[in-house]
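Me: Got a minute to walk through this model with me? I'd like to start with the surface and then move inward.

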Amino acid sequence: MWIYFTGFDTAVSRQRYAQITGVILDITSASEDGKLTFGTVTAGTLANELELTGDALYPTTNDGLALGTTSLGFADLHLATGGNITVAGANAKRSLVLTAS
């Protein structure tokens, strides 16, 4: 199942600019699972970028999607009690300050 977002380019050709795809992962009664995949066009190519399941929101490819931009960042990150921040890579610099509120 798909939802397409289309428009016209400067050559007046109809183009798909984004899509949301619904996927059935498990059809077993009482344990059904599904997934939404979000795709966008960059430089003329449509690619799936983000996926949402019942227990995770994640990029479609490893290291393939930024959270924020160099000029538009998020104000806060809220994690549940016991939540973790993991930085991958042997040479990664890690800095985390925790405060009780």
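Reply: Sure. One term before we start: a nonpolar patch joins nonpolar side chains within 5 Å, taken from residues with over 30% relative accessible area and no salt bridge. And keep in mind that this is a predicted model.

Me: Fine. Which residues make the nonpolar surface patch?

Reply: Leu 77, Leu 79, Ile 85 and Val 87 make a patch of about 370 Å².

Me: Where does Ile 85 sit, and how exposed is it?

Reply: Ile 85 is in the segment after strand 5. Its relative accessibility is 48%, so Ile 85 counts as partly exposed. Partly exposed covers the range between the 20% cut-off for buried and the 50% one for exposed.

Me: Stepping back, what's the overall fold made of, in helices and strands?

Reply: There are five strands and zero helices. Going along the sequence, you read β-β-β-β-β.

Me: And how much of the protein is buried?

Reply: Of its 101 residues, 9% count as buried.

Me: How many salt bridges are there?

Reply: The count is one salt bridge. Lys 35 pairs with Glu 51, and their closest N and O atoms are 3.3 Å apart. Lys 35 belongs to strand 3 (residues 33-42) and Glu 51 to strand 4 (residues 45-52), so the pair ties together parts that are 16 residues apart in sequence.

Me: Are those two buried or exposed?

Reply: Both Lys 35 and Glu 51 are buried.

Me: Switching to pockets. What lines the largest one?

Reply: The lining consists of Leu 50, Leu 57, Tyr 58, Pro 59, Asp 63, Gly 64, Leu 65, Ala 66, Leu 67, Gly 68 and Phe 74. The space in this largest pocket comes to about 360 Å³.

Me: Which strand gives the most to that lining?

Reply: Strand 5 (residues 57-59), with three residues.

Me: How does the lining divide by residue type?

Reply: Eight of the lining residues are nonpolar, two are polar and one is charged. Gly counts as polar in that split, and the lining includes Gly 64 and Gly 68.

Me: OK, backbone now. What's the phi of Val 12?

Reply: Val 12 isn't a glycine, yet its phi is positive, about 60 degrees. As background, most residues other than glycine have a negative phi.

Me: Where is Val 12, and is it buried or exposed?

Reply: Val 12 is in the loop between strand 1 (2-8) and strand 2 (14-26). With a relative accessibility of 63%, Val 12 counts as exposed.

Me: What about Ala 30, what's its phi?

Reply: Ala 30 has a positive phi too, near 75 degrees. Ala 30 is in the loop between strand 2 and strand 3, and its relative accessible area of 75% makes it exposed.

Me: Last one, Tyr 4. Where is it, and how far is it from Gly 39?

Reply: Tyr 4 is in strand 1. Between Tyr 4 and Gly 39 the C-alpha to C-alpha distance is 9.5 Å, with 35 residues separating them in sequence.

Me: And how accessible is Tyr 4?

Reply: Tyr 4 has a relative accessible area of 38%, so it is partly exposed.

Notes
Residues numbered from 1 in each chain as written. Predicted model: local features only at pLDDT ≥ 70, side-chain atom pairs only at ≥ 80, totals over all residues. Heavy atoms only, no water. 1 Å grid on protein atoms, 1.4 Å probe; cavity = no way out; pocket = protein on both sides within 12 Å on 5 of 7 lines; lining within 4 Å. Points joined across faces, edges and corners; volume = space filled by probe spheres on them. Helix = DSSP H or I, 4+ residues; strand = E, 2+ residues; numbered from the N terminus. Patch = residues over 30% accessible without salt bridge, like charges linked within 9 Å, V, L, I, M, F, W, Y side chains within 5 Å. Areas by Shrake-Rupley, 256 points an atom, 1.4 Å probe, with all protein chains shown as cover. Salt bridge = Lys/Arg side-chain N within 4 Å of Asp/Glu carboxyl O. Buried < 20%, exposed > 50% of the residue type's maximum accessible area, 1.4 Å probe, protein only.
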